[in-house]
Amino acid sequence: MFSRRKWMKVLGAGMSALDGWGQAPLRFPGKRSMLVQNDFPEDLETPAEYLNTWITPNDAFFVRQHLPRPKVDAASWRLKVGGMASNPLTLTLDDLKRMPQVKVPATLECAGNGRANYRPKVPGLQWSKGAMGNAEWRGVRVADLLKRAGAGAGVQYGNFNGADQGVAKTPDFIRSIPMRKLTHEATIVALEMNGAPLPEIHGFPARLIVPGWDGANWVKWVTEMELSAEPSKGFFFATGYRYPKYSPAPGSAVKPEDMEVLEGMAVTSYFAHPAHGATAKKGIPLRLQGVAYGGENRVSRVEISTDGGAKWLDAKLSPQNYPFAWRLFTFDWIPPERGYHVLCSRATDSAGRIQPVECPWNPGGYMYNAIERLGVMVEA
Ligand SMILES: Nc1nc2c(c(=O)[nH]1)N[C@H]1C(S)=C(S)[C@@H](COP(=O)(O)O)O[C@H]1N2
Ligand SMILES: [Mo]
């Protein structure tokens, strides 16, 4: 598909784009102005100010891809379900559309969201807070596909591959998902995102939705589900997206046998408004806004501190309250006096998890979820 030379050339271009990290208006078809982490393959971050709606519009939704985006032709595209199956399937897009469809609101968050906050710095994309978004996904339950394919009794994993292919030193992107998650009623092969066919950049014509779990599981352009007793030995499952079994000292190495696969996401919250470094006026109400997400759990509470964490008060939560989807919060604050104020947000989920003051460092820079903090200058 891509020669090694061409790949090296575009990779080079991507590197220089990293140095000039910043806003790039209308550079990417179907996207509004995004924070460009890489321009090829596209890694685009949602600016924090867009984290203020229940549904993230498709044109503002973050993008992460390890490999050049494949061009998929809907007519010749197939989804194969094989391996340990008594009735292996080769489905067309129309076959999938004819099966019962379900809607699942769910937040997609990259495990590396917030990586830019780790000290010492961790290599990888320096996501701030916008490697997450919330959408209503619509498609076919994986459980229905498993039934139709006659999944065998010994099946432990579905090993998923997409139409993108390994290039140069980057291997093919394959992910294994255990049966206990695949058979969950909210795990689907989505054909639609927010009422529209999946945009090409988000996996057209079909992608996996694994609610509450690390975004790496949400395989885009999916073409194959292999039912197996064993997980993939490929890099992106056996090595990548792993988290230490214990908290290592910041900056230290962790042995591969002490790493385990990432599944459910941590509880977290982020301010969309105001921005860090904004100014406000004494006595003039300021509405603090943001999102909170609890992975596989519902968000049950968001607290705000306007004095750097000394006192905490409850924020107001949006009525939407689904497992696997974020909630919006607001807090009306009247800046009491001139000076620099540190605003904090702290979410709690239905499992009783709460954001920590300090997030454990880890060599992949995953699962950042320390209490959100930003500074606002209040003028007289
Ligand atoms: N086929 C394929 N699927 C993929 C990836 C990829 O590189 N290739 N990246 C994964 C990662 S790491 C994330 S965080 C999400 C991002 O989904 P988005 O681009 O729709 O936001 O897709 C996942 N699915
Ligand atoms: Mo990711």
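**Note on ligand 1 and the cysteines**

1. A polar side-chain atom of Asp 164 sits 2.7 Å from a nitrogen atom of ligand 1. Bear in mind that this is a predicted model.

2. Arg 207 also uses its side chain. One of its N or O atoms there is 2.6 Å from an oxygen atom of ligand 1.

3. Trp 218 makes its approach through the backbone. A backbone N or O atom of this residue is 3.0 Å from a nitrogen atom of ligand 1. How much of ligand 1 does the protein bury? The figure is 100% of the 530 Å² that the ligand exposes when taken alone.

4. The location should be read alongside that figure. Ligand 1 occupies the largest cavity.

5. Next, the shell. There are 19 residues around ligand 1. Those that come nearest are Phe 62, Asp 164, His 202, Arg 207 and Lys 220. Asp 164 and Arg 207, in this nearest group, are the residues of points 1 and 2, with side-chain atoms at 2.7 Å and 2.6 Å from the ligand.

6. Which classes make up the shell around ligand 1? Eleven of its residues are nonpolar, four are polar and four are charged.

7. On to the cysteines. The structure has zero disulfides. Why is Cys 359 not bonded to Cys 110? The sulfur of Cys 110 is the closest cysteine sulfur to that of Cys 359, yet the two are 14 Å apart, so they are too far for a bond. A disulfide needs the sulfur atoms within 2.5 Å.

8. Are these two cysteines buried or exposed? Cys 110 has a relative accessible area of 8%, so it is buried. Cys 359 is buried too, with a relative accessible area of 8%. The cut-off for buried is under 20%.

Conventions. Residues numbered from 1 in each chain as written. Chains lettered and ligands numbered in written order. Predicted model: local features only at pLDDT ≥ 70, side-chain atom pairs only at ≥ 80, totals over all residues. Heavy atoms only, no water. Near = heavy atom within 4 Å. Polar contact = N/O pair within 3.5 Å; in protein donor to acceptor, adjacent residues only side chain to side chain. Areas by Shrake-Rupley, 256 points an atom, 1.4 Å probe, with all protein chains shown as cover. 1 Å grid on protein atoms, 1.4 Å probe; cavity = no way out; pocket = protein on both sides within 12 Å on 5 of 7 lines; lining within 4 Å. Sits in = over half its atoms within 2 Å of the grid points. Nonpolar A, V, L, I, M, F, W, Y, C, P; charged D, E, K, R; others polar. Buried < 20%, exposed > 50% of the residue type's maximum accessible area, 1.4 Å probe, protein only.
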